[in-house]
Amino acid sequence: EDFSFPDISNHLGVFFEFVPPMQPRWYSICSSLSQFPNEVHITVAQFAYKTASGDIRKGVCSDWLRKHCPSSVLDRSLALPIFNCASTFHLPEDVSTPVIMVATGTGLAPFRSFWQERHVQMQNLAHGNFGPFMLFFGCRSASEHIFKDELDDMARSSTITNLFVAYSRQPQPGEVKKRITVDLRSQARKLYDLCAKGAHLYICGDIVVAESVKQTLRSCWNEHNMNQTLLTEMTQQKRIHEDIFGGISPVPGTIASAQASRVDALTSETVRNF
């Protein structure tokens, strides 16, 4: 069927007047300057979706990063501009302040910079009074568990004092499917005690996850007859920090980690260079 309109003779320039400009992509930095002083790492989920006709379309920025980042090291014409913006999503200055981190999927990205920074702090301040450093992470399966080896190392070194991982679709042998809220419920009383003593709560993920985390805590604390206004008080005291993103979930198997000079495809067992 012919969908052409021969009577319309607008110039291409008129068309571009009505097309919105491409928006910048904002990514959380997932590396610590203390550990990588000359690098900036980001974590990117390659966006892909299927059209009504069955075609697979890929995200403009994520697919460009996957294909061209390695080449940009040699060909500076492929370099892209990077802009920094102010953020309140950073660790408390006092290392004794309890830190609670909650993330799903690529929402783990900024917390990588957190545990790297804390690891360096612990090396430089061997006798420092470091507070609890808890991380709750959820994804669908072990194949989507980004930075798993690094996380395990941080847990073994006690940089991360408490690590909870939930697989919602394909759990490890001997485990059951569960969402991140299950671990939050199991630790509700401890989380309340830490928050009441000045802990900072960090949440990174989509808007649904962020609301689910806060609702779970409210519900659990209500069941235990605890202070129902604690989360409100923490918000007023700027002790709740959220790095929220939205959008459609990417096609499974397309999670990628992009670093300053390379893009690595994360698979269930190995990391291969593009």
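## A starting question

Leaving aside residues up to four places away in sequence, which residues does Gln 187 touch? They are Phe 136 and Phe 164. Gln 187 itself sits in the loop that runs between α5 (180–186) and α6 (188–196). Computed along the sequence is one thing, through space another: Gln 187 and Phe 164 are 23 residues apart in the chain, while their C-alpha atoms are 9.9 Å apart.

## The model as a whole

Please keep in mind that this is a predicted model. Its mean pLDDT is 82, and 82% of the residues reach 70 or more. Residues 247–274 are the stretch to treat with care, with pLDDT below 50. In the model that stretch still has 72 contacts beyond near neighbours in sequence. Where pLDDT is low, the predicted coordinates should not be read in detail.

The protein has 274 residues, and 40% of them are buried. Its secondary structure consists of 8 helices and 11 strands. Among contacts with a separation of 6 or more, 69% are between residues 24 or more positions apart. The accessible surface comes to about 16,500 Å², and carbon and sulfur atoms account for 53% of that area.

## Strand β5 and its two neighbours

Let us turn to strand β5, residues 133–141. Of its 9 residues, 8 are buried, so the strand is largely enclosed by the rest of the structure. On one hand β5 pairs with strand β4 (residues 99–104): the two run parallel and are joined by 6 bridges. Within this pairing, Met 101 stands opposite Leu 135 of β5. To get from β4 to β5 the chain passes through helix α3 (residues 109–124), and this β-α-β crossover is right-handed.

β5 also pairs with strand β6 (residues 162–170), again in the parallel sense, over 7 bridges. Here Phe 137 has Val 165 in β6 as its bridge partner. The connection uses helix α4 (residues 148–156), and β5, α4 and β6 together make a right-handed β-α-β unit.

## Aromatic pairs

How many aromatic pairs does the count come to? There are 8. One of them joins Phe 89 and Tyr 202: the ring centres are 5.4 Å apart and the planes stand at 85 degrees, so the pair is edge-to-face. This pair links distant parts of the chain, as Phe 89 is in the loop between α2 (60–72) and β4, Tyr 202 is in strand β7 (residues 200–206), and 113 residues separate them. Are these two residues buried or exposed? Both Phe 89 and Tyr 202 are buried.

Trp 115 and Phe 147 form another edge-to-face pair, with 6.4 Å from centre to centre and 80 degrees between the planes. Trp 115 belongs to helix α3 and Phe 147 to the loop between β5 and α4, so the pair ties together parts that are 32 residues apart in sequence. Trp 115 and Phe 147 are both buried.

## An aromatic cluster

Phe 89 and Tyr 202 also appear in a wider grouping: with Phe 111 and Phe 114 they form one aromatic cluster.

Conventions
Residues are numbered from 1 along each chain as its sequence is written. This is a predicted model: local features need pLDDT of at least 70, side-chain atom pairs count only at pLDDT 80 or more; totals for chains, interfaces and linings use all residues. Side-chain values use heavy atoms; hydrogens and water are left out. pLDDT is the predictor's confidence in each residue, from 0 to 100. Contact means heavy atoms within 4.5 Å. Buried means under 20% relative accessible area, exposed over 50%, partly exposed in between (1.4 Å probe, protein chains only). Helices (H or I, at least four residues) and strands (E, at least two) are DSSP runs, numbered from the N terminus. Two strands pair if DSSP finds at least two bridges between them. A crossover is right-handed if, with the strands pointing away from the viewer, the path from the first strand over the helix to the second runs clockwise. Accessible areas come from the Shrake-Rupley method with a 1.4 Å probe; for residues, only the protein chains shown count as cover. Rings of Phe, Tyr and Trp (its six-membered ring) pair if their centres lie within 6.5 Å; planes under 30 degrees apart count as stacked, over 60 as edge-to-face and the rest as tilted.
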